[in-house]
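Student: I have a model on my screen and would like to walk through its helix packing and its empty spaces. Could we take it one question at a time?

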Amino acid sequence: MNTTKKLRILFCDHLNLARGKYLPGNQDRGGEARFCQGVYALTYDKDLIPAPGSTLMEGLPDMVARFDGADIRPGWLDDRVVICDQYTCAGEPLPVSGRDSLKRAIGAWRALGYHPKVGIELEAYAFVRDDAGNWMPYQTPGACVYGTGPFTDPLGFTDVIWEQAERCGFRLEMITSEFDSPQFEFTLEYDDALKAIDDVFLFRLMAREVAFRENVLLTFMPKPIKGLSGSGVHVNFSLWDDSGNNAIGDDSSPDNLSELGRRCVAGLMHHHRSLSALLAPTVNSYSRLQPASLSGYWRNWGRDHRGVTTRISGEAGPHARIEHRMADGGANPYTMTAAILQASLLGHHNGYPLPLAETGDCLENQDAVDGVPEDLGSALDELAADRELVQAVGDELAGNLDAIKRDEIEKTAQMSDMQQIDYYIHFI
């Protein structure tokens, strides 16, 4: 391995920002670095909030970020990159770490003999600068849904992203244009849950940085252009038993679900409203999550139905999977996936009743009578009241999110629509 390049160590914070440092490149055995734990007190505009787990009022001690040399991989900025686990100074896992929350969710399923696998679909809009230096939507006048080629991407910046992804070892399943332009979708291949989310975290950062070098601002924020479709993050998951069988699906069932799969869907239905705070954690998220938007608004499920929040794939056997469509790019991907796996696990343990599958089109009519809360504040209230989900994901993690996001709600309430977009667009 080349040890002459600097090493970029990274972790994902509560705002889905990539925090890190550059270290000398000769770190092949692994190592650690220290960061101020107070990063978990920060808002997008760098105000400090005394949120649980931030240690703002406890002297802002260090936290320790440790990495394994075996996890170092090629970077995209003439460097190498590695993702760190985070610990307190006492050596305990950091309670506000989304990655640790995901590891606990995976461990809980593994204790039952199941191995979670995950595949992520990311949607994003592209912006370029006008003559005055302002960011404006990228002009793609010949673009169409499922479009490819120069009419969809005249600058070819997605080609550069694909080439760099291959050099970095990311396994892309596809890139295509989405329903509205200039919107694109990036899908990574299925993998074991932790590796899949590590790859998504790094790929998203890589895609934004590579695009920026091509003079394109790629944003995964949920609703950057009023009047156009929102951008979501679709979480596809399945559970595999120790014999290597996909335990979610049942080819003989009309809905392609096993009893385990049905219990998982029931858990996602039961915790639908409280999940929204963890999966759609910005004020802007609720401009996307609306009825008749195919966005994950309704508390419903169905087989091969894009109008529902929990979509059961039409594929069977090893390809059977549950697709959850509520999340967006403002969510920490580790926390997001942990929450979905834990809600599914609660469904398995508690045996919640499963509502009938959706029969409406979800554009003009639907069976579902309940959707996500109307705004982020209401979503946070729902999460606080859902003690089972909070305890499963992590009390301190949920408390940190609540405090940081309450401040965000207060600030954005004074902003115009354009000011709100500017508040988020450079970070998400």
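Tutor: Happily! Let us begin with a term: on a 1 Å grid over the protein atoms alone, a pocket is an open set of points with protein on both sides within 12 Å along at least five of seven lines, and its lining residues have an atom within 4 Å of a point. Please keep in mind that this is a predicted model.

Student: Thanks, that helps. Which residues lie nearest the centre of the second largest pocket?

Tutor: The second largest pocket holds about 330 Å³ of space. Its lining counts 23 residues. Those nearest the centre are Asn 16, Arg 204, Leu 205, Arg 208 and Phe 427.

Student: Which element gives the largest share of that lining?

Tutor: Helix H3 (193-213), strand E13 (217-219) and H7 each supply at least two residues to the second largest pocket. By class, this lining has 16 nonpolar, 3 polar and 4 charged residues. The largest share, 7 residues, comes from H3.

Student: Asn 16 caught my eye there. What is its phi?

Tutor: Asn 16 sits in the loop between strand E1 (7-12) and strand E2 (18-23). Most residues other than glycine have a negative phi. Asn 16 has a positive value instead, with phi near 65 degrees.

Student: Now the largest pocket, please. How many charged residues are in its lining?

Tutor: The largest pocket encloses about 1100 Å³ of space. Of its 40 lining residues, Glu 121, Glu 185, His 234, Arg 306 and Arg 325 lie nearest the centre. Sorted by class, the lining has 11 nonpolar and 15 polar residues, and the charged ones number 14.

Student: Which elements each supply at least two residues of that lining?

Tutor: Several strands and a helix do so. The strands are E8 (114-129), E10 (172-177), E11 (183-188) and E14 (233-241), and the helix is H6 (285-288).

Student: Where is Pro 182, and what is omega for the bond that joins Ser 181 to it?

Tutor: Pro 182 is placed in the loop between E10 and E11. Most peptide bonds are trans. The bond joining Ser 181 and Pro 182 is cis, with omega at about 5 degrees.

Student: Let us turn to helix packing. Are H1 and H7 roughly parallel or roughly antiparallel?

Tutor: The axes of helix H1 (residues 98-110) and helix H7 (residues 333-350) come within 8 Å and cross at roughly 30 degrees. Angles under 35 degrees count as roughly parallel. H1 and H7 are therefore roughly parallel.

Student: What is the handedness of that crossing, left-handed or right-handed?

Tutor: On the H1 side, the contact residues include Leu 102, Ile 106 and Trp 109, while those of H7 include Leu 341, Leu 345 and His 348. By class, the contact of H1 with H7 has 9 nonpolar, 7 polar and 2 charged residues. As for handedness, H1 passes H7 in a crossing that is left-handed.

Student: And which residues of H7 make its contact with H3?

Tutor: The axes of H3 and H7 come within 9 Å and cross at roughly 145 degrees, and the crossing is right-handed. H3 brings Leu 194, Ile 197, Asp 198, Val 200 and Phe 201. The residues of this contact divide into 6 nonpolar, 1 polar and 1 charged. The H7 partners are Pro 333, Tyr 334 and Thr 337.

Student: H4 packs on H7 as well. At what angle?

Tutor: H4 (residues 259-270) passes H7 in a right-handed crossing. Leu 260, Arg 263, Cys 264, Gly 267 and Leu 268 of H4 meet Ile 340, Ala 343, Ser 344, Gly 347 and His 348 of H7. By class, that contact has 5 nonpolar, 4 polar and 1 charged residues. The axes of H4 and H7 are 6 Å apart, and the packing angle is about 115 degrees.

Student: One last topic, the cavities. Which helix gives the most to the lining of the largest cavity?

Tutor: The structure holds 3 cavities of 30 Å³ or more, and about 120 Å³ of space lies in the largest cavity. Of the 14 residues that line the largest cavity, His 14, Asn 332, Thr 335, Leu 397 and Leu 401 are closest to its centre. Helix H5 (272-279) and helix H10 (395-412) each supply at least two lining residues. The helix that gives the most, with 3 residues, is H10.

Terms used. Residues are numbered from 1 along each chain as its sequence is written. This is a predicted model: local features need pLDDT of at least 70, side-chain atom pairs count only at pLDDT 80 or more; totals for chains, interfaces and linings use all residues. Side-chain values use heavy atoms; hydrogens and water are left out. Axes are lines fitted to C-alpha atoms, for helices over the stretch in contact, and angles run from 0 to 180 degrees between N-to-C directions. Helices (H or I, at least four residues) and strands (E, at least two) are DSSP runs, numbered from the N terminus. Angles under 35 degrees count as roughly parallel, over 145 as roughly antiparallel, 65 to 115 as roughly perpendicular and the rest as oblique. A crossing is left-handed if the near helix is turned anticlockwise from the far one by less than a right angle, and right-handed if clockwise. Contact means heavy atoms within 4.5 Å. Ala, Val, Leu, Ile, Met, Phe, Trp, Tyr, Cys and Pro count as nonpolar, Asp, Glu, Lys and Arg as charged, and the others, Gly among them, as polar. On a 1 Å grid over the protein atoms alone, a cavity is a set of points where a 1.4 Å probe fits but cannot get out, and a pocket is an open set with protein on both sides within 12 Å along at least five of seven lines; lining residues have an atom within 4 Å of a point. Grid points are joined across faces, edges and corners, and a volume is the space filled by probe spheres set on the points.
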